[in-house]
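I opened this entry to keep track of what I look up. The notes follow in the order I made them.

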Amino acid sequence: MEKLYDMAVKTGEYTTSDDETKGRYENIGAVMKSENGSFCLLKKTFNPAGVQTAEGKDSIIVSLFKPKPKGEADIPF
């Protein structure tokens, strides 16, 4: 199996010591590829109802990030 992407959702924002606003993300799974095709592994504790959405929207954005080499963070935050 090969990991194609890490999956993440934005859970909030924070301000750095330089007064820069950045997003806070949670890794919720991965997109994988095997000899039988591609599939998604989703963290079973992930609850999409807790992800912030724009008013009037009923869907969330799941971002895909290329995996980092072992020893580095999975997603850039």
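**Notebook: strands, a buried aspartate and a core**

I started with aspartate 6 and found it in strand 1, which covers residues 2-15. The model I am reading is predicted.

Next I asked whether aspartate 6 is buried or exposed. Its relative accessibility is 1%, and the limit for buried is under 20%, so aspartate 6 counts as buried. I then looked for a partner of its side chain and noted a polar contact with the side chain of lysine 3, at 2.9 Å.

I moved on to the sheet. It is open, has four strands in the order 3-2-1-4, and its pairing is antiparallel. Strand 3 (37-42) and strand 4 (63-65) are the edge strands, each pairing on one side only. On average, neighbouring strands of this sheet are turned by 40 degrees against each other, direction ignored.

I checked how strand 1 meets strand 4: the two pair in the antiparallel sense over three bridges. For alanine 8, I looked up the bridge partner in strand 4 and got serine 63.

Then I turned to the nonpolar residues. Which residues form the largest nonpolar core? I listed six: Met7, Val9, Ile28, Val31, Phe46 and Val51. Strand 1 and strand 2 (21-34) are the elements that give two or more residues to this core. I noted as background that nonpolar side chains tend to be buried together in soluble globular proteins.

Last, I took valine 51 from that core and looked up its contacts. Leaving out residues up to four places away in sequence, valine 51 touches Val9, Lys10, Phe46 and Ile60.

Note on methods: Residues are numbered from 1 along each chain as its sequence is written. This is a predicted model: local features need pLDDT of at least 70, side-chain atom pairs count only at pLDDT 80 or more; totals for chains, interfaces and linings use all residues. Side-chain values use heavy atoms; hydrogens and water are left out. Buried means under 20% relative accessible area, exposed over 50%, partly exposed in between (1.4 Å probe, protein chains only). A polar contact is a pair of N or O atoms within 3.5 Å; within protein, one must be able to donate a hydrogen and the other to accept it, and residues adjacent in sequence count only if both atoms are side-chain atoms. A nonpolar core is a set of buried Ala, Val, Leu, Ile, Met, Phe, Trp, Tyr and Cys residues joined through side-chain atoms within 4.5 Å. Contact means heavy atoms within 4.5 Å. Two strands pair if DSSP finds at least two bridges between them. Axes are lines fitted to C-alpha atoms, for helices over the stretch in contact, and angles run from 0 to 180 degrees between N-to-C directions.
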